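Let's take a walk through this structure together, beginning at its ligand and ending at a pair of rings.

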Amino acid sequence: MSNVNTLGVIGSGQMGGGIAQVGAVAGLNVLVFDSFPTALEKCKAGHRKVLARSVEKGKMAQADMDAALSRVKYVGNLDDLKPADWVVEAIVEDAKVKKDLFARLAAMFPAEHVVLATNTSSISITEIATSAGAASSRVVGMHFFNPVPLMQLVEVIPGIQTSKDVVERTVALATKLGKTPLRANDRAGFVSNRVLMPMINEAFYAWMEGVAEPEAIDGIMKLGCNFPMGPLRLADFIGLDTCVHIMNVLADGLNNDRYRACPLLRQLVSAGRLGDKSGRGVFEYPAK
Ligand code: CAA
Ligand code: NAD
């Protein structure tokens, strides 16, 4: 059994916000922290909007929405997460930033029962866990997919130090959240991004080399391969900055330059075109 009462979520962007929402709807108390107050405000407004739509469509009772929202607290200090008995980190995909955070989390959560999970897309769990010192056996990869409320999978990745008990409890918690947990080993990108991200990167090369325009690349992959979104639309949805971070981890971790991010993808990130979250990436999203 997962025996989790209070879920602490660090990072209230698209992933942290989704994880917090799913936790609250499943009956957990949730504490969400972000270092940017505006991100917390956006997260809070997003929860209200998405759940209200579920109520309008008759998929959720108003009382259940109110109860779920009352279980979430949006907090402005990391220390406010101390009551949590399970933490999921969903901050920027940068090994150094994550390791600094996990060193702090290890000091904040000395109790043996508290699990320190990371939603990293690609970074070695073993490497992140190293920064947690004696708490490294409680560090685990718990990789949700975007959009969290709709996607079924949680990829569960133990590091070398992760205890068997923590892996079993991660599987139990993912199941309690209504997800299907599947195990992968701790190699750069795990399974999901080892396979997905090079395909997305290749779509940028196809665009850069003039094989086709973005609309045609996406249309061909949607209609020809039955993808719900074309690879370039999906890159915008994931965040082009996150795509570059993941490609860097693949290239370094697998020690192979064929995984280097396409120059055009890097250029868009340099120009601040990060995808949906900045209003423009490959495509434009004026409403966002
Ligand atoms: N919470 C709750 N409900 C939500 C929601 C949310 N955050 N967002 C949307 N919904 C609801 C909508 O209200 C809608 O409800 P109705 O059916 O009642 O109208 C329903 O979900 C479907 O919404 P849409 O009509 O907008 O959705 P769609 O049918 O176009 O599908 C999609 C949207 C699921 C995102 C689909 O386009 C898809 O599967 N895209 C690919 C996503 C994907 O590949 N994700 C993985 C990315 S990689 C990753 O995550 C790993 C990594 O490390 C990078
Ligand atoms: P995002 O940019 O939407 O959100 C990240 C949030 O973290 C921001 O609100 C930012 O203010 C906050 N943040 C950054 N550094 C922080 C710190 N030190 N302390 C507290 N908050 C901090 O990013 P995202 O798409 O939600 O991705 C978050 C993580 O989840 C990354 O590791 C990413 O690789 C992973 N992930 C992303 C996707 C995806 O499709 N976007 C899917 C699965 C996993």
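A polar contact here is a pair of N or O atoms within 3.5 Å. Keep that cut-off in mind as you look at the model, which is a predicted one.

Start with Lys 57: an N or O atom in the side chain of Lys 57 sits 2.6 Å from an oxygen atom of ligand 1. Lys 59 does something similar, with a side-chain N or O atom 2.5 Å from a ligand 1 oxygen. Asn 193 joins in too, placing a polar side-chain atom 2.8 Å from an oxygen atom of ligand 1. On its own, ligand 1 has 1,100 Å² of accessible area, and the protein covers 64% of that. Two or more residues of the surrounding shell come from each of α2 (37–56), α7 (192–208) and α9 (231–238).

Now step back to view the shell as a whole. There are 19 residues around ligand 1, and those that come nearest are Arg 53, Lys 57, Lys 59, His 143 and Asn 146. By type, the shell splits into eleven nonpolar, five polar and three charged residues. Where does ligand 1 lie with respect to domain 1 and domain 2? Domain 1 (6–183) and domain 2 (193–276) each contribute residues to the shell, so ligand 1 lies between them.

Finally, let's turn to the rings. Searching the whole structure turns up one aromatic pair. The partners are Phe 204 and Trp 207, whose ring centres are 6.3 Å apart and whose planes meet at 45°, so the pair counts as tilted. Both belong to helix α7, and because they are three residues apart there, about one helical turn separates them. Phe 204 and Trp 207 are both buried.

Notes. Residues are numbered from 1 along each chain as its sequence is written. Chains are lettered from A and ligands numbered from 1 in the order in which they are written. This is a predicted model: local features need pLDDT of at least 70, side-chain atom pairs count only at pLDDT 80 or more; totals for chains, interfaces and linings use all residues. Side-chain values use heavy atoms; hydrogens and water are left out. A residue is near a molecule or strand if one of its heavy atoms lies within 4 Å of it. A polar contact is a pair of N or O atoms within 3.5 Å; within protein, one must be able to donate a hydrogen and the other to accept it, and residues adjacent in sequence count only if both atoms are side-chain atoms. Accessible areas come from the Shrake-Rupley method with a 1.4 Å probe; for residues, only the protein chains shown count as cover. Helices (H or I, at least four residues) and strands (E, at least two) are DSSP runs, numbered from the N terminus. Ala, Val, Leu, Ile, Met, Phe, Trp, Tyr, Cys and Pro count as nonpolar, Asp, Glu, Lys and Arg as charged, and the others, Gly among them, as polar. Domain bounds come from an automatic or database domain assignment. Rings of Phe, Tyr and Trp (its six-membered ring) pair if their centres lie within 6.5 Å; planes under 30 degrees apart count as stacked, over 60 as edge-to-face and the rest as tilted. Buried means under 20% relative accessible area, exposed over 50%, partly exposed in between (1.4 Å probe, protein chains only).
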